[in-house]
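Trainee: Before we discuss this model, may I ask how its terms are justified?
Mentor: Certainly; let us look at it together.

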Amino acid sequence: MRYSSIPSAQSVVLYCKEKGIKNIVISPGSRNAPLTIGFTQDSYFKCYSIVDERCAAFFAVGIAQNIGEGVVVVCTSGSALLNYYPAVAEAFYSDIPLVVISADRPSYRIDIGDGQTIRQKSVFNNHIGYEANLKQDVSHATQTIKKFGKELLSSNDSIEATQKKIQLFNNKELEQAIQFSLQEKCPVHINVPFEEPLYETQEELTVFPSFLDRDAINRSSSLNLDKFTDIWNKAERKMILVGVNKPNTVEQQFLDEIAEDKSVIVFTETTSNIHHPSFFSSIDSILVPIEKSKNKEELFKALQPDILLTFGDQIVSKKIKSFLRNYSPKQHWHIDVKKAYDTFFCLTHHFKIQVNNFFNIFFNKIKSKDSGYYDYWSFVKLTYEKKREEYLTKIPFSDMLAFSNILKNIPDGYQVQLSNSSTVRYAQLFPLNSSLKVFCNRGTSGIDGSTSTAIGASIYNKKPVVLITGDLSFLYDSNALWNNYIKPNFRIILINNSGGGIFRILPGQEETENYKTFFETTHNLNVSHICRLYNVDYLLAEDENVLSNHLQEFYNKSHKARLLEIRTPRILNNKILLSYFDFIS
């Protein structure tokens with residue numbers, strides 16, 4: 001086995017191994033050669049080579065999202081590091097342990113006109129949990145340091161003594177950075193300066209750090225809920241709203257108990273990954289008809305809860321955010337071990353506890369209450385569900401009809417990755433098979449990186465993964481297909497409405513050349529060329545019959561990944577969607 005001859009590179013690899021991080025996503029470069037050598041020479045690690053750093057970081061997010069463990073991304077110096085930022089921000093807001101390790105130039109080479117050199121320290125300062133700026137080894141390339149970087153040397157100590165102090169500092173920083181990422185489920189940045197030569201190796205280690213054995217943070221589940229259960233038991237109207245939630249997070253027995261209480265309504269989203277026939281899975285189908293009603297004030301007040309209980313991460317529906325901000329509950333409680341966003345500007349308490357632990361205590365103390373709250377809104381729900389099915393028989397081929405067909409034809413057990421913008425919103429309108437596991441990059445809700453994340457997610461997922469994406473999101477991240485890790489059972493469904501269709505739904509759009517160019521960004525790009533370039537099977541559907549036929553064989557076993565492009569009418573889609581809400585109203 002070979003090791004880099006640079007001590008700090010050895011230390012980085014040793015600490016990652018000690019902390020149990022096995023997955024290393026490397027973007028090829030020169031300055032990061034010492035790290036690349038260390039990781040790839042050790043069979044403990046599973047290393048992936050992804051050229052495009054933005055894709056590489058989202059690929060790592062997808063892996064971490066699925067396995068719930070830390071994943072390392074490694075890049076060279078310069079602008080390569082900046083391409084990680086979108087995924088770093090996503091990891092920050094989605095509680096994903098992403099360990100960013102960047103190679104850097106020596107401090108004396110920065111801001112003097114050297115190539116691939118930027119100020120790498122603190123570049124992610126606003127969106128990471130911890131930053132470790134390692135010190136440059138002085139036992140490596142000592143003569144160069146004596147010539148150009150004398151400030152790194154101590155006038156009172158020998159090279160050996162100075163190197164020992166550097167080693168102790170670097171060990172402490174590596175310990176804190178990696179441990180923080182794993183415990184707090186957040187991204188961290190480790191910046192490592194290297195002087196040339198970069199490719200020298202040796203057969204023996206020269207660093208032997210003493211690792212700290214730290215247990216994970218102990219989140220106590222002992223919680224006195226008497227005050228809150230009293231409030232709950234007296235309330236006539238309780239609303240539970242669930243945001244982004246990993247599959248199987250909440251025990252079904254608790255969901256079943258919630259469903260029995262007639263004073264409780266549960267709003268879920270496609271990304272909530274919880275299911276019950278009594279829950280309300282299409283929030284906007286309840287709220288938009290109220291907005292259109294003549295007696296909307298009366299209806300909104302009838303829906304207004306006394307208590308709002310939330311768990312999970314970000315909420316997709318803008319309608320529920322607007323409603324709860326304007327018709328605030330008296331109490332808003334949020335359950336999460338780490339954070340509580342005041343999304344509705346009425347947060348009154350944060351329970352820092354895992355949701356199952358909370359419910360285990362809570363349900364021993366609460367009582368069901370007779371109330372017409374659930375029964376009334378359940379009737380409204382059944383009414384719009386019938387009207388939705390009727391509406392689908394009346395509309396031409398469009399985004400909405402395509403989504404109806406797509407979602408009901410996904411095989412049991414698949415993982416569904418959704419891109420942002422229109423895709424995740426259309427998915428909210430339809431019921432989903434409870435065996436499906438749904439993910440979406442809702443941390444920052446950007447269209448960048450959806451394909452890369454989905455491919456990364458598929459690496460360790462036992463069941464196949466299907467990505468449902470829009471045309472702009474797919475084109476924006478088309479480099480995601482530039483790797484050797486795409487499984488033959490990976491599937492992409494691309495809804496191509498020739499532009500940013502969501503902007504046609506938003507108020508204020510006008511049919512002008514300026515609007516089409518700078519907002520909707522219309523295009524006539526041929527996706528089949530991308531599929532040919534990356535050796536992906538390509539199918540095309542432009543009407544409902546062809547779509548239905550393709551979906552019958554789309555998921556069959558194949559020798560390579562498949563993409564199904566569904567072309568829908570750019571001009572009609574928004575009219576059909578908006579008319580849907582008129583129809584169910």
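Mentor: On a 1 Å grid over the protein atoms alone, a cavity is a set of points where a 1.4 Å probe fits but cannot get out, and lining residues have an atom within 4 Å of a point. Grid points are joined across faces, edges and corners, and a volume is the space filled by probe spheres set on the points. The model is predicted: local features need pLDDT of at least 70 and side-chain atom pairs 80 or more, while totals for chains, interfaces and linings use all residues. Residues are numbered from 1 along each chain as its sequence is written, and side-chain values use heavy atoms, without hydrogens and water.

Trainee: How much space lies in the second largest cavity?
Mentor: By that definition of volume, about 40 Å³; the structure holds five cavities of 30 Å³ or more.

Trainee: Which element gives the most to the lining of the second largest cavity?
Mentor: Helix α1, with four residues. Helices (H or I, at least four residues) and strands (E, at least two) are DSSP runs, numbered from the N terminus. β1 (3-4) and α2 (33-40) are also among the elements that each supply at least two residues.

Trainee: Why is helix α13 called largely enclosed?
Mentor: Buried means under 20% relative accessible area (1.4 Å probe, protein chains only), with exposed over 50% and partly exposed in between. Six of the eight residues of α13 (residues 355-362) meet the buried criterion, so the helix is largely enclosed by the rest of the structure. The buried residues are V355, N356, F358, F359, I361 and F362.

Technical notes:
On a 1 Å grid over the protein atoms alone, a cavity is a set of points where a 1.4 Å probe fits but cannot get out, and a pocket is an open set with protein on both sides within 12 Å along at least five of seven lines; lining residues have an atom within 4 Å of a point.
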